[in-house]
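This report concerns the surroundings of a bound ligand and one further pocket. Please consult the sequence and the structure shown here alongside the text.

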Amino acid sequence: MSQVSETVVIIGGAIIGSFAAYFLRQEGFKGQIKIIEKDSTYQFSSTALSAASVRTQFGCPFNIGMSLFGVHVFKNVQQYFGDDADIGFDERGYLMLGSHDAAQSQRENAMMQREQGASIEILTPQDIRARYPWLNVDDIGIATYGSANEGWFDAWALLQLVRKQARKLGAEYINGEVTGIETSADAVVGVRLADGSRVACDWCVNAAGPAGGQVAGLAGVQIPVEPRKRTVFHFTSPVASEGFPMLFDNSGLWVRPEGDGFIAGIAPDEIDDAHPNDDFEPAHGLLEGKLWELLAHRIPAMEQLRLRRAWAGHYEMNLLDHNGIVGAHDTLKNFVLATGFSGHGVMHSPATGRGVAELITHGKFTSLDLSPLGFQRIRNNQPIVESVVY
Ligand SMILES: Cc1cc2nc3c(=O)[nH]c(=O)nc-3n(C[C@H](O)[C@H](O)[C@H](O)COP(=O)(O)OP(=O)(O)OC[C@H]3O[C@@H](n4cnc5c(N)ncnc54)[C@H](O)[C@@H]3O)c2cc1C
C-alpha cells in the first residue's frame with residue numbers, strides 16, 4: 001500500500017500527539033492523519049497542567065539527546081511555526097543540589113552529560129554560597145547547573161502553535177473519545193469512538209498521556225503506565241526571582257520563578273501516591289505537611305511564603321523505569337506507543353513526535369536512535385531506569 005492511501009490515527013491530541021502529526025508531514029508522510037481528542041479544552045491534559053520546563057541533566061544519555069532537540073525547537077519556534085511564534089522561552093539552568101554522599105556520582109553524571117553535549121557546570125558548596133547567598137548549603141556537597149539549553153516556557157502556547165501548524169499541514173482533529181481498538185492477528189485495523197462511530201487506520205499511535213496504559217489495554221496490550229497526581233503550588237515570597245534557577249533539591253522538591261512569584265512541588269510519599277482516577281483536586285496537605293518545611297530549610301526566606309493558588313495534574317508514570325515508551329508493539333506492529341514519560345514529556349515531545357513520524361514514514365529512527373525506549377524492554381521486563389526524576 002502506498003503511503004498516500006494510508007491513514008494514521010493518533011489517540012490524544014495534546015503535545016505528543018500534535019508533534020507526531022506535525023513531524024509526519026515534515027518527514028514526508030502523504031496519507032491521512034486523524035487525531036482523536038476527547039477534550040478539546042485540554043483542561044485536564046498533562047500538557048496544560050505541567051511546569052513546562054526543560055533540562056539536559058538526566059541519567060540516561062538518550063534523554064539528554066531528546067532534551068537537546070526539544071530545546072532546539074523551543075529556542076527556534078519562529079523557524080518551525082512562523083514569524084509570530086512565541087512561547088516565552090526563558091533560558092535558565094536547573095540547579096541540582098546533591099548531598100555529600102551523592103557528590104561523586106553526581107560529578108560522574110555531569111561528566112557523562114557533558115559528553116552528550118550538555119553544558120553543565122559543577123559547583124562546590126563555596127561556589128553555590130557565593131552565587132546564591134539565599135541558599136542554605138550546610139548539608140550540600142555538590143551542585144550541577146545547566147549553563148545553556150535549560151529553562152522554561154509556555155506549554156499552552158506551544159501546544160496551540162503545533163496544533164495550528166499540524167492542521168495547516170492537513171492533519172484532522174476529531175472530537176471524540178476512543179473506547180475501543182479493533183485488531184486483527186497482527187495489526188490495529190480501526191478505533192471505535194464513544195458516539196459509536198468507527199475510524200479505520202493503517203497505523204495507530206497511542207499518545208493518550210496518563211491514559212496511555214488504559215488505551216493500550218483497549219488493544220489487549222499491557223504497559224505499566226498509570227496516572228499519578230502531582231500538585232503545583234504558586235506563591236510569592238521575599239526572595240527575588242531574578243537570577244533564580246530551576247532548583248532541584250536533594251529532598252525531592254523543585255521550585256522555580258513564575259511571573260513575579262514562584263511555583264514549587266514535591267512528590268507525595270509512596271503510600272499516598274495511588275492511581276488518582278479522575279481526581280484533580282490539589283493535595284493541599286502536601287504544602288503544610290512536607291513542602292513548606294523543606295523549602296524553609298533550603299531557602300530560609302521562603303518560610304514567609306504566601307500561597308496564591310494550587311493546581312494538580314497527572315504524570316503519565318511508567319512504573320517500570322520512569323522512561324517514555326516510544327516504538328511499535330512487537331505483535332501489533334502498526335500500534336505505536338508514545339507515552340509513559342513520567343514527568344518529562346513536554347520537553348521530549350519534539351523528539352518523540354519526530355521519532356514516531358520517522359518510524360511510520362521510513363520504518364526506522366533516522367535521526368535520534370530512540371530504540372532503547374522501545375516496547376521490547378517492557379515485554380522482557382528489563383528496566384532502563386532514569387535516576388534523575390522528580
Ligand atoms: C504537575 C506536572 C508538572 C509537569 N512538569 C513538566 C515539566 O516541567 N517538563 C516536562 O517536560 N514535563 C512535565 N510534566 C509532564 C508532561 O506534562 C507530560 O509528560 C506531557 O504533557 C505528556 O503529553 P501528552 O500529550 O502525552 O499527554 P497529555 O497532555 O495528557 O495529553 C493526552 C491527551 O489524550 C487525550 N485522551 C486520553 N484518552 C483518550 C481517549 N481514550 N480518546 C481520545 N483522547 C484521549 C486527553 O484528553 C489528552 O488531551 C509535568 C506534568 C505534570 C502533571
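The ligand site is described before the second largest pocket.

The structure is a predicted model. The shell around the ligand holds 37 residues, and Glu 37, Thr 47, Ser 53, Glu 316 and Met 347 come nearest. Polar atoms of the protein lie close to ligand atoms at the positions tabulated below.

| Residue | Protein atom | Ligand atom | Distance |
|---|---|---|---|
| Glu 37 | polar side-chain atom | oxygen | 2.6 Å |
| Ala 51 | backbone N or O atom | nitrogen | 3.0 Å |
| Ser 53 | polar backbone atom | nitrogen | 2.9 Å |

Taken alone, the ligand exposes 1000 Å², of which the protein buries 96%. Two or more residues of the shell come from each of helix H1 (15-26), strand E2 (32-37), helix H2 (46-49), strand E14 (225-236) and strand E18 (306-318). The most is given by E18, with 4 residues. Domain 1 (3-53 + 155-224 + 320-379) and domain 2 (91-151 + 228-313) each supply at least three residues to this shell. By class, the shell comprises 19 nonpolar, 13 polar and 5 charged residues.

The second largest pocket has a volume of about 320 Å³. Its lining consists of 17 residues; Met 96, Gln 106, Asn 109, Val 388 and Tyr 390 lie nearest the centre. Strand E5 (94-98) and helix H5 (103-115) are the elements that give two or more residues to this lining, and H5 gives the most, with 5 residues. In this lining, 7 residues are nonpolar, 10 are polar and none is charged.

Technical notes:
Residues numbered from 1 in each chain as written. Predicted model: local features only at pLDDT ≥ 70, side-chain atom pairs only at ≥ 80, totals over all residues. Heavy atoms only, no water. Near = heavy atom within 4 Å. Polar contact = N/O pair within 3.5 Å; in protein donor to acceptor, adjacent residues only side chain to side chain. Areas by Shrake-Rupley, 256 points an atom, 1.4 Å probe, with all protein chains shown as cover. Nonpolar A, V, L, I, M, F, W, Y, C, P; charged D, E, K, R; others polar. Domains from an automatic or database assignment. 1 Å grid on protein atoms, 1.4 Å probe; cavity = no way out; pocket = protein on both sides within 12 Å on 5 of 7 lines; lining within 4 Å. Points joined across faces, edges and corners; volume = space filled by probe spheres on them.
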